[in-house]
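This report walks through one protein chain and its ligand. It starts with the chain as a whole, then turns to the ligand site and a few single residues.

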Amino acid sequence: MPAVRSMALRAVDGAGPARHSFMKVLIVGSGGREHALAWKCAQAARVTEVLVAPGNAGTATEPKVRNVEVMADDIQGLVRLAQDEAVDLTIIGPEGPLVMGVVDAFKARGLKCFGPGRKPAQLEGSKAFTKDFLKRHGIPTAASMTFTRETFDPQYVQKQRTPIVVKASGLAAGKGVVICENASEAIATAHSMFDGQFGDAGTEVVIEEFLEGEEASFIVMADGKHILPFASSQDHKRRDDGDHGPNTGGMGAYSPAPVVTPAMHARIMKQVIEPTIKGLEKDGMPYTGFLYAGIMVAPDGTPNVLEFNCRFGDPETQPIMMRLESDLTELCEAALEGRLDKVKAKWDARAALGIVLAAGGYPDTVRRGDVIQGLDDAAKLPGKVFHAGTKLDEDGNIVTNGGRVLCAVGLGTNVREAQREAYALADSIHWNGLQYRRDIGYRAVERERAASRGK
Ligand code: AMP
């Protein structure tokens, strides 16, 4: 056995004397979420180095962080990397490798990897699985039916109220949900999904009741049994101000989210998160990892599950990591050892708010390769700019390399103050075609204003 390999195994076994005195971490992915996770892990004194596979220009220039040219969906490549580099802890960012079973592959070789295995990751990988799971365990969600091309019944659609929601069951890069105004639009949408609009993701299609209410995200860590809730957060999915325009991966997020009151927090834990973790354990697929529930809070307060993500949200990760005071690697280790009930997460009392800076054309086809200006000026301001779609070109310039390019995060005594700091950062950065919303956090700011008027 090569020397590096035995070192990796010793570190995993915990037999090496240096287990807690130093640590090497691997973050898988290349977005803003992964930059924030890498930045956070690198802050721990015992962490000697953070590898990011494949990373971006932000992780390439972060102290203690090194990019490695292994793609996030190259499962065997990631396993080899973790073994060769004697990585002590791997944290998976995106859903793709989780749904493909990266955690199972790591486990099979005795490597510590934080995230759910292939089976529980179906909570994100298959909406059909999730709807069935929610119904079986009595967890509130919209009424729905799942169809394949063979079982599809247009008459069922015609009998439903409108608007009506049509969802490709599999992973569709956040694009597989269509809200249809009438039955004929819904039937046509379902057919185009069966015809391969989203590839295999549309083999099964979920037709779902349209829900009214206010959306909230709820993110926890789980260790198979125990749950550690994270600070609340809220994102903005639509591209344009006032929550208009096309759906995106997310144009900004803030934490805490006033919509998640202490009473709502308790209700979501009791009615959604606890029965989900218990249900998965009972079904023989215990869930370890970040779990993200997208919730629609009905006018009567019922927390209906819209979706689950089996990983941390992007851009929610960026403001949440700015507020996390605890060592993230310790929390992940506690989860992997099934002792999340013994640890607490400490949070900065300040609010954090992140604005996504996107390339022109996003969320459709975007131009790449535009030089980003102002990053040095931004680095002198308070707050933090996390990179997503960026890379270093041959001349050493940082250039755009994707739809969501950066996330500028500010902190403040309340969401309004965090918003001010974040916009000062965003306004110092430029490139051709740059677009960002001017109103991230507006609902929370309105609530803050109303609360201060009421005093
Ligand atoms: P999902 O990926 O299922 O969360 O859907 C993406 C977005 O579509 C959500 O964030 C909601 O804004 C919207 N959405 C999904 N399902 C429904 C529903 N049943 N009723 C109303 N809006 C929905």
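The protein chain exposes about 19,000 Å², and carbon and sulfur atoms supply 50% of that area. Keep in mind that this is a predicted model.

**The chain as a whole**

The protein chain holds 16 helices and 22 strands. Its radius of gyration is 22 Å, close to the 23 Å that the globule rule gives for 455 residues, so the chain is as compact as a globular protein of that length. Along the principal axes, the C-alpha atoms fill a box of roughly 65 × 50 × 50 Å. Of the 455 residues, 58% count as buried. Contacts with a sequence separation of 6 or more are 69% made up of pairs 24 or more positions apart.

**The ligand site**

Which residues of the shell are closest to the ligand? The shell has 13 residues, and the closest are E208, E209, L211, E215 and E307. By class, the shell divides into 7 nonpolar, no polar and 6 charged residues. Four strands each supply at least two shell residues: β7 (164-168), β8 (177-180), β9 (204-209) and β17 (303-309).

Three side chains place an N or O atom at these distances from a ligand atom:

| Side chain | Ligand atom | Distance |
|---|---|---|
| K127 | oxygen | 3.3 Å |
| K167 | nitrogen | 3.0 Å |
| E307 | oxygen | 3.1 Å |

On its own, the ligand has 470 Å² of accessible area, and the protein covers 89% of it. E307 appears twice in this account: it is listed among the closest shell residues, and its side chain has an N or O atom 3.1 Å from a ligand oxygen.

**I91 and helix α13**

I91 is found in strand β4, residues 89-92. Is I91 buried or exposed? Its relative accessible area is 0%, under the 20% cut-off, so I91 is buried. Leaving aside residues up to four places away in sequence, I91 touches L26, I27, V28, L37, C41, F114, F290, L328 and C332. I91 and P299 are 208 residues apart in sequence, and their C-alpha atoms are 37 Å apart in space.

Two of the contacts of I91, L328 and C332, are also among the buried residues of α13. Helix α13 spans residues 328-336, and 7 of its 9 residues are buried, so the helix is largely enclosed by the rest of the structure. The buried set is L328, T329, L331, C332, E333, A334 and A335. An α-helix has 3.6 residues a turn, so residues three or four places apart point the same way. After α13 comes G338, with a positive phi near 70°.

**S428 in its loop**

Where does S428 sit? S428 is in the loop between α15 (415-426) and α16 (442-454). With a relative accessible area of 17%, under the 20% cut-off, S428 counts as buried, because that cut-off defines the class. A polar atom of the S428 side chain lies 2.6 Å from the backbone oxygen of L425. Beyond residues up to four places away in sequence, S428 touches Q373, G374, A378 and L381.

Notes
Residues are numbered from 1 along each chain as its sequence is written. This is a predicted model: local features need pLDDT of at least 70, side-chain atom pairs count only at pLDDT 80 or more; totals for chains, interfaces and linings use all residues. Side-chain values use heavy atoms; hydrogens and water are left out. A residue is near a molecule or strand if one of its heavy atoms lies within 4 Å of it. A polar contact is a pair of N or O atoms within 3.5 Å; within protein, one must be able to donate a hydrogen and the other to accept it, and residues adjacent in sequence count only if both atoms are side-chain atoms. Accessible areas come from the Shrake-Rupley method with a 1.4 Å probe; for residues, only the protein chains shown count as cover. Ala, Val, Leu, Ile, Met, Phe, Trp, Tyr, Cys and Pro count as nonpolar, Asp, Glu, Lys and Arg as charged, and the others, Gly among them, as polar. Buried means under 20% relative accessible area, exposed over 50%, partly exposed in between (1.4 Å probe, protein chains only). Contact means heavy atoms within 4.5 Å. The radius of gyration is taken over C-alpha atoms; the globule rule is 2.2 Å times the number of residues to the power 0.38.
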